[in-house]
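Reader: I would like a close look at a single part of this protein, set against a short account of the whole. Please take the time to go through the residues one after another.

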Amino acid sequence: MRIILLGPPGAGKGTQSKRLVERHGVVQLSTGDMLRAAVAAGTPIGLEAKDIMARGQLVPDAIVVAIVADRIEEADCARGFILDGFPRTVAQAEALDAMLREKKLALDVVIELKVDEAALLARVEKRIAESGGEARADDNAEALAKRLEVYRSQTAPLVEYYARTGQLVSIDGMQPIEAVAAEIDKVIKASAEA
Ligand code: ADP
């Protein structure tokens with residue numbers, strides 16, 4: 001099972017990915033988590049990414065593409081993976097296509113979580129409030145506004161990209177977590193039978 005979860009910040013990609021990991025035994029590949037780990041460890045990539053991420057901008061395509069290319073070579077990805085937060089630009093999507101083609105692998109489905117912007121702000125504010133002062137460097141009003149703008153301009157075009165390839169399914173991400181999860185399971189089942 002190879003899936004992309006697509007959606008703006010706060011759409012629920014991380015929550016749904018973690019559930020899929022538990023239920024289906026696949027790995028979650030979150031470029032956000034990987035980059036945060038690099039920042040925390042102070043690696044060269046982390047040093048380059050730190051300020052870019054805190055501002056809510058995108059880390060250069062070449063960096064994230066290289067990270068993902070390395071990661072999907074690892075043994076635990078053989079059973080499948082959920083891409084959460086990657087691809088985020090058309091160039092990244094093209095790089096992913098090339099990577100998969102080379103490995104003779106295909107994506108099963110691209111699932112878009114659709115959420116309205118007012119709800120996203122409320123969700124991220126809640127995440128900040130619950131963080132007990134340990135909020136992510138980019139969970140603040142200014143960086144969030146930037147992340148939403150970047151989503152609209154750089155990532156939203158991927159909806160069209162995957163609609164053209166016939167791999168896109170859109171789900172209403174405004175529903176309760178369990179209802180979204182049930183729809184995702186249905187989509188995965190249907191794509192497995194296709
Ligand atoms: P969000 O909750 O906003 O979806 P993520 O945890 O996925 O956030 O990512 C946080 C930050 O990490 C992004 O704002 C960006 O700076 C960087 N990042 C994560 N994935 C990518 C990617 N695929 N391409 C470029 N930058 C990325």
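Author: What follows begins with the overall fold, turns to helix H1 for the close look, and ends with two pairs of packed helices.

The model is a predicted one, and its secondary structure comes to nine helices and five strands. Read from the N terminus, these elements follow one another in the order β-α-β-α-α-α-β-α-β-α-α-α-β-α. The radius of gyration is 16 Å, close to the 16 Å that the globule rule gives for 194 residues, so the protein is as compact as a globular protein of that length. Taken along the principal axes, the box filled by the C-alpha atoms is roughly 45 × 40 × 30 Å. Of the 194 residues, 44% are buried, and among the contacts with a separation of 6 or more, 74% are made by residues 24 or more positions apart.

Helix H1 covers residues 13-24, and three of its residues can be taken in turn, beginning with Thr15. Thr15 has a relative accessible area of 42%, and is therefore partly exposed, as this value falls between the limits of 20% and 50%. Although Thr15 and Ile177 are 162 residues apart along the chain, their C-alpha atoms are separated by 8.1 Å.

Gln16, which also lies in helix H1, has a relative accessible area of 4% and counts as buried because this is under 20%. When residues up to four places away in sequence are not counted, Gln16 touches Leu5 and Leu113, and it touches Ile177, Val180, Ala181 and Ile184 as well. Ile177 thus appears twice in this account, as a residue touched by Gln16 and as the partner of Thr15 in the C-alpha separation of 8.1 Å.

Leu20 is another residue of helix H1, and with a relative accessible area of 0% it is buried. Leaving aside neighbours within four places in sequence, Leu20 is in contact with Gly25, Val26 and Ile82, and also with Ile184, Asp185 and Ile188. Ile184 is therefore a residue that both Gln16 and Leu20 contact, given that contact means heavy atoms within 4.5 Å. From Leu20 to Phe81 the distance is 9.6 Å, C-alpha to C-alpha, with the two residues 61 apart in sequence.

Beyond H1, helix H4 (residues 61-71) and helix H5 (residues 90-102) have axes that come within 10 Å and cross at roughly 30°. H4 and H5 are therefore roughly parallel to each other, since angles under 35 degrees are counted in that way. The crossing in which H4 passes H5 is right-handed. On the H4 side the contact is made by Asp61, Val64, Val65, Val68 and Ala69, and on the H5 side by Ala91, Gln92, Ala95 and Met99. By class, these residues divide into seven nonpolar, one polar and one charged.

Helix H6 (residues 117-130) and helix H7 (residues 141-155) pack at an angle of about 140°, and their axes are 11 Å apart. This angle makes H6 oblique to H7, and their crossing is right-handed. Glu117, Leu120, Leu121, Val124 and Arg127 of H6 make the contact with Leu144, Arg147, Leu148 and Arg152 of H7. The contact of H6 with H7 has five nonpolar, no polar and four charged residues, whereas that of H4 with H5 has seven nonpolar, one polar and one charged.

Terms used: Residues numbered from 1 in each chain as written. Predicted model: local features only at pLDDT ≥ 70, side-chain atom pairs only at ≥ 80, totals over all residues. Heavy atoms only, no water. Axes fitted to C-alpha atoms, helices over the stretch in contact; angles between N-to-C directions. Helix = DSSP H or I, 4+ residues; strand = E, 2+ residues; numbered from the N terminus. Parallel < 35°, antiparallel > 145°, perpendicular 65-115°, else oblique. Left-handed = near helix turned anticlockwise from the far one by under 90°. Nonpolar A, V, L, I, M, F, W, Y, C, P; charged D, E, K, R; others polar. Rg over C-alpha atoms; globule rule 2.2 N^0.38 Å. Buried < 20%, exposed > 50% of the residue type's maximum accessible area, 1.4 Å probe, protein only.
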